[in-house]
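Here's a protein to look at together. Have the sequence and the 3D view open, and let's work from the whole fold down to single side chains.

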Amino acid sequence: EQESEDDIHSSRSSLDRQSHHRANTTMHVCWYRNTSVSMSDHSVAVENQLSGYLLRKFKNSNGWQKLWVVFTNFCLFFYKTHQDDYPLASLPLLGYTVSCPVEADGIQKDFVFKLQFKSHVYFFRAESKYTFER
């Protein structure tokens with residue numbers, strides 16, 4: 001997970017990124033997180049794929065980074081733009097919870113959601129209510 005986080009700012013070649021991307025298979029993540037996915041969940045996941053721009057909060061700062069995000073196969077893939085061939089990073093979502101930020105999070109923006117798995121916390125902001133609800 002930490003490597004995926006750092007990849008957003010790294011300058012790896014596209015071949016390195018492509019190899020890293022292939023390691024984030026559902027089976028690999030299930031094994032690593034000691035979880036499983038039912039066949040019905042997998043069928044629903046295949047039918048529900050989204051893409052669009054999201055703003056990702058930088059750790060310990062007020063800055064937000066605009067990224068093209070593709071949600072497919074229980075994973076978020078991050079690109080600079082929708083025209084990129086390879087993702088900058090990926091975030092397997094198995095085991096993560098989705099919620100709205102609480103006051104203690106200190107996020108004073110609209111359309112923000114929080115993804116959390118154990119001590120790993122990410123904040124994303126949509127640009128509209130429609131995108132946020134999707």
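## The big picture

A quick definition to start: a residue is called buried when its relative accessible area is under 20%, exposed when that figure is over 50%, and partly exposed in between. With that in hand, buried residues account for 37% of the 134 residues in this protein. Keep in mind that you're looking at a predicted model.

What is the chain built from? It has five helices and seven strands. Start at the N terminus and the order of elements reads α-α-α-α-β-β-β-β-β-β-β-α. As for the outside, the protein exposes about 8,700 Å², and carbon and sulfur atoms supply 51% of that area. There's some long-range wiring too: take the contacts between residues at least 6 apart in sequence, and 38% of them join residues at least 24 apart.

## Inside the cores

Now for the greasy middle. The largest nonpolar core has 16 residues, and the ones with the most contacts inside it are Leu76, Phe78, Leu91, Tyr96, Leu115 and Phe124. Which elements give two or more residues to this core? They are E2, strand E3 (75-79), strand E4 (89-92), E6 and E7. The largest share, three residues, comes from E6.

Zoom in on leucine 91. Beyond its neighbours within four places in sequence, leucine 91 is in contact with Phe74, Cys75, Leu76, Phe78, Tyr96, Leu115 and Tyr122. Apart from this core lies another one, of five residues, including Leu55, Trp64, Ile107 and Phe123.

## Rings meeting rings

Search the whole structure and you'll find six aromatic pairs. One of them joins phenylalanine 111 and phenylalanine 132: the ring centres are 6.3 Å apart and the planes sit at 45°, so this pair is tilted. Phenylalanine 111 lies in the loop between strand E5 (97-99) and E6, while phenylalanine 132 is in helix H5 (residues 129-133), so the pair ties together parts that are 21 residues apart in sequence. Are these two residues buried, exposed or in between? Phenylalanine 111 is partly exposed, with a relative accessible area of 29%, and phenylalanine 132 is partly exposed as well, at 28%.

Phenylalanine 113 and phenylalanine 124 make another pair, with ring centres 5.7 Å apart and planes at 25°; that angle is under 30 degrees, so the pair counts as stacked. Phenylalanine 113 sits in strand E6 and phenylalanine 124 in strand E7 (residues 120-125), eleven residues apart, so to speak a link between distant parts of the chain. Phenylalanine 113 is buried, at 16% relative accessible area, and phenylalanine 124 is buried with 0%. Together with Phe78, Phe113 and Phe124 form one aromatic cluster.

## Charges over rings

Rings also have charged company here. The charged end of lysine 66 sits over the ring of tyrosine 53, at 4.9 Å from the ring centre. Arginine 125, meanwhile, lies over the face of tryptophan 64, 4.7 Å from the centre of that ring.

## A lysine on the inside

Is lysine 114, in strand E6, buried or exposed? Lysine 114 has a relative accessible area of 10%, and because the cut-off for buried is under 20%, it counts as buried. What does its side chain make a polar contact with? The partner is the side chain of aspartate 105, at 3.1 Å.

Lysine 114 has plenty of other company. Setting aside neighbours within four places in sequence, lysine 114 is in contact with Thr97, Val98, Ser99, Cys100, Pro101, Asp105, Val121, Tyr122 and Phe123.

## A loop and the last helix

Phenylalanine 58 lies in the loop between strand E1 (50-57) and strand E2 (64-72). Phenylalanine 58 is partly exposed, with 28% relative accessibility. How far is phenylalanine 58 from tyrosine 122? They're 64 residues apart in sequence, and their C-alpha atoms are 8.7 Å apart in space.

Finally, try glutamate 133 in helix H5. At 56% relative accessibility, glutamate 133 counts as exposed. Its C-alpha atom is separated by 10.0 Å from that of phenylalanine 113, which is 20 residues away along the chain.

Notes: Residues numbered from 1 in each chain as written. Predicted model: local features only at pLDDT ≥ 70, side-chain atom pairs only at ≥ 80, totals over all residues. Heavy atoms only, no water. Helix = DSSP H or I, 4+ residues; strand = E, 2+ residues; numbered from the N terminus. Buried < 20%, exposed > 50% of the residue type's maximum accessible area, 1.4 Å probe, protein only. Polar contact = N/O pair within 3.5 Å; in protein donor to acceptor, adjacent residues only side chain to side chain. Contact = heavy atoms within 4.5 Å. Areas by Shrake-Rupley, 256 points an atom, 1.4 Å probe, with all protein chains shown as cover. Phe/Tyr/Trp six-rings, centres within 6.5 Å; stacked < 30°, edge-to-face > 60°. Lys NZ or Arg CZ within 6 Å of the ring centre and 35° of its normal. Core = buried A, V, L, I, M, F, W, Y, C linked by side-chain atoms within 4.5 Å.
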